[in-house]
Structures are given as structure tokens and as C-alpha cells.
Amino acid sequence: DWLTLPLSITLASREVNVTTPVTGGSNLIQFLQNPMNNLGFLSISPKLGWAQFYLGSHVPQYSELSSGDGQVFGAGVDLRPGKFRFSASAGSIQRAIEPDSQRGIRGSYARWIYLTKIGFGTDESSYFDLNFVRARDDPRSITRMPEGLDPQEGVLVTGNFKSRFNERLSLTGEIGTSVFTNDMNASGLTNPDATLNSIIRERISSRTDLAGNLGISYSQEAWGVKALARYIGAGYVALGYPYMQPDRLEYTLSPRAQLFENRLAINGSIGIRSNNLSNTKEQTSSQFIGSANVLGVITDDFNISASYSNFGIRNNKADDTLRIESVSQSISVTPTYTLPTDAAVHTMSVTYSRDGYNDYNVVSGAENSNNTQSVMIMYANTFLSLPLSTNLSVNHLTNDLKTGALTINSLSLGGSFRFRNGDVVPSLTLSWSTSQVEKFTQDRQLYLRLSSRWKIN
């Protein structure tokens, strides 16, 4: 009850689906630092009561504007004695890779990151945290400077809070500022701020900006609503969120409701987003974001779920050739029926999905617009007298493109058997699929997958 020692190791030699520069043949350190590694990682994170330690790859999750999805290869600690909260991590967030233009390797500097959080409170009630993040590229980590890539550094400070007034009403918010230097080789400022200069040297390529969010939520047993406003300045860089989109102001409203003794559940979100907050761009674009999800329990054995989303974007340019205006819509409906018998439990479902993208630009709209629709039928059977489960799925998809309609059909059959009370479970999947674009030759694929899971006590 007091000691937990999770250990996770996933190793793969290939670099696929990576969002960082490829190495072109990594050494041992680059291999271990690969943040994706086929969606795997190498880490040890023992927990001793209210203290948890991290060694290897881990993701410090502090707040929405400081750190939350940057994977650090290094060490960290998370201490929570009572209501006191303290966290710290340090390590590499980007690998050093030598550029090689002949092999198409852009290269990158080693980037080191240091994170600290100190606060008071609990996630379940109320809290206040101060977050500090510092990141810096090491120009000496590689021998040749990558073309068009300058060493960078940055620092940010945020404060985030949650105030729970009662079981139904709560208020959350965060405000922060960041200083980010795009080129560490640029000249320094003649009259820099003395306090700031002791942490990071301000240069002509440095930019300081603000970000903040404020949300309020009210929840009853049968319904609730949450409103959120978010502002991220054009020069704000969240060092623990490498791909956070800056330069945006957005408002969202998210209601939910459970009706008819929880047999009908509805939740959704609607919002608007705009950019060009500093008026530094020639045009300003606005985006509409809306989504809704519905689950209806008709009987104990039959239910229907449906979802709808709408995403639109436009700018304020009147010229048709430069105008940006598009609408993307998606809808899906899934009825599910479960039939329990004395011998087995049968589950059947049908999913219909339709995705539409309409580009209203008069020059490129006809080529970019397309519609996709698909139908998937699934059947699963779990025997009660035998440790056997089987499944069958059929899928049909069509995509209307300017170059020709794409059609994909697939059939999949699988099953698994449970040995030793479910400790050993081998499974087999056999799939057959065809794909064709209009009059071109049809492609066929046969896929066989055999796997086994073994639980060792």
C-alpha cells in the first residue's frame, strides 16, 4: 500500500512516427532519448508514499500554459506531503543530431530543460501553483551549424489556481509570461532589464509576451456547464508544449445534460477563435468550433450514440484569390445491440460516418473539397461455457476526390482463447481488404496477425 515500483521498457530500432528530426543512424544515447521510439519509452518511476521519483523518459504535467506534453529524458521528483506540492525535473527534451544535407538530415541542437512547480492545495478541492520552466539549446552539442536553424532559449513563469466554492461551483485560471530568444547568436540589448538578465540574456531576437485563461464551471447531478476564455500572445512560447499554437483568442461554452433517469446523455462544446492579436499580419482569421455527442439508452440491451462536429475558418480578405474560407463537418451514428443468452453474449453494432470538407476559395476550392463516408458492421461473441471470444467486422469507405473516387472494402475475422484462467491469451486476426481509385488497378491486401498475452504473477 505504500511502495509502488512501475517499470516500463519499450525498445525499437526503427524511427517511425517521430515528430523530432531523424538521426540517420542513432547512437545509444540518441536511441534512448528518442521521444517516440515506436510510441515507447524507457523509464523507472518508484513511488514511496507521498513522494514519486522519475528516472528516464517522463512527461512533467504542471499546467495548461507551462508544461504538459514535452517528454523529458532525465530525472524528476514529485512531492505531495499533505497539501504541500513540489515538483521538479531536468533533462533533455531534444536530441543533438549532426546535419547531413546529402542524406536529408536537417539536424538539431541538444535542448536542455529545467522545470519547477511549488504550490499548496489538492486537485480535488482548491490549489495555487507557481510554475517555472527554463529551456536552452547547446550550440556546442554538434560540430556543424544546421542550415537555417539557430540555437534558441527561453524562460517562462506562470501561476495557476483552482477555487472550489462548493460541490457544484468552481473557478480555474492561469496567467503567465515568457521570454523567448529565436537566435542566441544575435546581439544583446544595450539596456537590458537587470533582474531578467540574470536569468536569460535579452537579445534583439528576444520577445516577451503574455498568456492567460479563465474558466468557470457549474455542475448539478443532471446537468452542468463550463465556460472558458483563453488568450495566448503571438510571442508567448510554452516551453513544455512544443506545438502549442500561439497568437489566438478563443471563447468556448461546454454544456452537458443527463435526462430521463440518465437514459439520454448530451454534451457538447461551441466556441470561436481569432488570431492576429498584435495586428502584425495582413489578415485576421476567425474560426468556429462546435461539437455535440449524444447517447440514448433505449432499452437495457439497445443504445444509440451519435456525434457531430463543425470546424470553419475564414479571413477578412475580400479578394477571392487570397480569401480563405472553409467548413469541415463530421457526423457519425452508432446503434448497438447486446443479446445475452445462456451460452454466450452477442454484441452487434453498425457505425455510419460522414466527413465533409468544403473549400469556398474560387481558385482552389473545387480541387480541395471532398466528402468521405463509411459504414462499419461489427459483431462480437463471448462464450460463457468456453474461454473463447470471436469477432467479425466489415467496412466500406468511399472518398470523393477531384482526381477520382477512392473505394476501400475490408473484412476482418478474429478470435482469442483464454488459458489458465485468463493468464495466457493467444489471439488470431485475419483481414482482407481491397482499395481502388476509379479506373486504376485494384490493390488487394491479406493481413495475418498472431499474438499472445501472458500475465505472470
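## Strands, a buried serine and a nonpolar core

β20 and strand β21 (residues 388–401) pair in the antiparallel sense over twelve bridges. The model you are looking at is predicted, so a friendly tour of it follows, taking in this strand pairing, one buried serine and the largest nonpolar core.

**Around β20**
- On the β21 side, Met376 stands opposite Asn395.
- The link from β20 to β21 is a hairpin of four residues.
- Strand β20 (residues 370–383) also pairs with strand β19 (residues 344–359), again in the antiparallel sense, and here there are 14 bridges.
- Within reach of that second pairing, look for His346, which stands opposite Asn381 in β20.

**Ser332 in β18**
- Ser332 lies in strand β18, which covers residues 325–340.
- Ser332 counts as buried because its relative accessibility is 17%, and the cut-off for buried is under 20%.
- A polar contact links the side chains of Ser332 and Ser307 at 2.8 Å.
- Not counting residues up to four places away in sequence, Ser332 touches Ser305, Ala306, Ser307, Tyr352 and Ser353.

**The largest nonpolar core**
- This core has 16 residues, and those with the most contacts inside it are Ile113, Leu115, Val133, Tyr236 and Leu239.
- Strands β8 (110–121) and β9 (127–138) each supply at least two residues of the core.
- Ile113 is in contact with Val133 and Leu239, and its other contacts include Val72, Ile93 and Ala135, leaving aside neighbours within four places in sequence.
- In soluble globular proteins, nonpolar side chains tend to be buried together.

Conventions. Residues numbered from 1 in each chain as written. Predicted model: local features only at pLDDT ≥ 70, side-chain atom pairs only at ≥ 80, totals over all residues. Heavy atoms only, no water. Pairing = 2+ DSSP bridges. Buried < 20%, exposed > 50% of the residue type's maximum accessible area, 1.4 Å probe, protein only. Polar contact = N/O pair within 3.5 Å; in protein donor to acceptor, adjacent residues only side chain to side chain. Contact = heavy atoms within 4.5 Å. Core = buried A, V, L, I, M, F, W, Y, C linked by side-chain atoms within 4.5 Å.
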